[in-house]
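Student: I have a protein model open, and I would like to learn how to read it. Could you walk me through it?

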Amino acid sequence: MDDIVIVFGTALVGAIATDGWVSVRDAVTGLWHRALDTRAAENVGSDLESLRTEILEARAARDQDTEDALTGEWRSRLHRLLRADPDMAAALREVLDQVLTPALRPADQALVQELRGDNGQQIHIVAGKDAYTALGNQVNIGGSQTNIGPV
């Protein structure tokens with residue numbers, strides 16, 4: 001599953017539970033409209049309204065399992081959308097940056113930054129003879145540095 005799908009799905013579930021949920025619904029519905037057709041977009045709009053209700057209920061009940069399941073469900077839907085139209089990755093990033101992330105609570109914004117690798121933390125992994133180091137979007141594999149680009 002693409003990183004953008006993981007980050008976007010997480011941000012979507014968090015943002016749909018905020019006061020800015022109407023903008024979130026409209027932006028995400030717009031993505032489906034661009035990639036598929038009007039009817040599919042209308043169905044997604046309705047599904048996002050249901051998602052909001054379910055997330056608010058899950059949070060009120062402190063039901064993390066339900067919230068995680070809904071996040072997984074929307075990640076799968078986003079994965080299928082991106083598979084149908086790989087060029088949608090740029091649009092997903094745009095909606096993530098311009099609509100979803102600003103709508104999130106500060107704690108959820110921090111989670112999105114962490115998932116994107118924007119937290120400035122360095123990760124070092126040694127696997128057998130191989131060593132991997134990652135800082136943000138820079139990866140060093142055996143002395144060769146690679147920019148993996150933004151999520």
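Tutor: We will go from the overall layout to a pair of helices and then to two single residues. Keep in mind that this is a predicted model.

Student: Let me begin with the layout. How many helices and strands are there in the protein?

Tutor: A good habit is to list the elements and then their order along the chain. Here there are six helices and four strands. In sequence order the pattern is α-α-α-α-α-α-β-β-β-β, with the helices written before the strands.

Student: What share of the residues count as buried?

Tutor: A residue counts as buried when its relative accessible area is under 20%. In this protein of 151 residues, 36% are buried. Looking from the outside, the exposed area is about 8,600 Å², and carbon and sulfur atoms supply 47% of that.

Student: And what can contacts tell me about residues that are far apart in sequence?

Tutor: You can sort contacts by how many positions separate the partners. Among contacts in the protein with a separation of 6 or more, 57% join residues 24 or more positions apart.

Student: Now the helices. At roughly what angle do the axes of H1 and H4 cross?

Tutor: For a helix pair, look at the distance between the axes, the angle and the handedness. Helix H1 covers residues 3-15 and helix H4 covers residues 64-84; their axes come within 8 Å and cross at roughly 130 degrees. H1 and H4 are therefore oblique to each other. The crossing is right-handed.

Student: Which residues make that contact?

Tutor: On the H1 side they include Ile 4, Phe 8, Leu 12 and Val 13, and on the H4 side they include Leu 70, Trp 74, Leu 78 and Leu 82. Sorted by class, the contact between H1 and H4 has ten nonpolar, four polar and two charged residues.

Student: Leu 70 is on that list. Is Leu 70 buried or exposed?

Tutor: Compare its relative accessibility with the cut-off. Leu 70, in helix H4, has 6% relative accessibility, so Leu 70 counts as buried. Setting aside neighbours within four places in sequence, Leu 70 touches Val 13, Leu 51, Glu 54 and Ile 55. Leu 70 and Ile 55 are 15 residues apart along the chain, and their C-alpha atoms are 7.8 Å apart.

Student: Why does Asp 108 count as buried?

Tutor: The same kind of check works for this residue. Asp 108 sits in helix H6, residues 106-116. Asp 108 counts as buried because its relative accessibility is 14%. Not counting residues up to four places away in sequence, Asp 108 is in contact with Gly 14 and Arg 59.

Key:
Residues numbered from 1 in each chain as written. Predicted model: local features only at pLDDT ≥ 70, side-chain atom pairs only at ≥ 80, totals over all residues. Heavy atoms only, no water. Axes fitted to C-alpha atoms, helices over the stretch in contact; angles between N-to-C directions. Helix = DSSP H or I, 4+ residues; strand = E, 2+ residues; numbered from the N terminus. Parallel < 35°, antiparallel > 145°, perpendicular 65-115°, else oblique. Left-handed = near helix turned anticlockwise from the far one by under 90°. Contact = heavy atoms within 4.5 Å. Nonpolar A, V, L, I, M, F, W, Y, C, P; charged D, E, K, R; others polar. Buried < 20%, exposed > 50% of the residue type's maximum accessible area, 1.4 Å probe, protein only. Areas by Shrake-Rupley, 256 points an atom, 1.4 Å probe, with all protein chains shown as cover.
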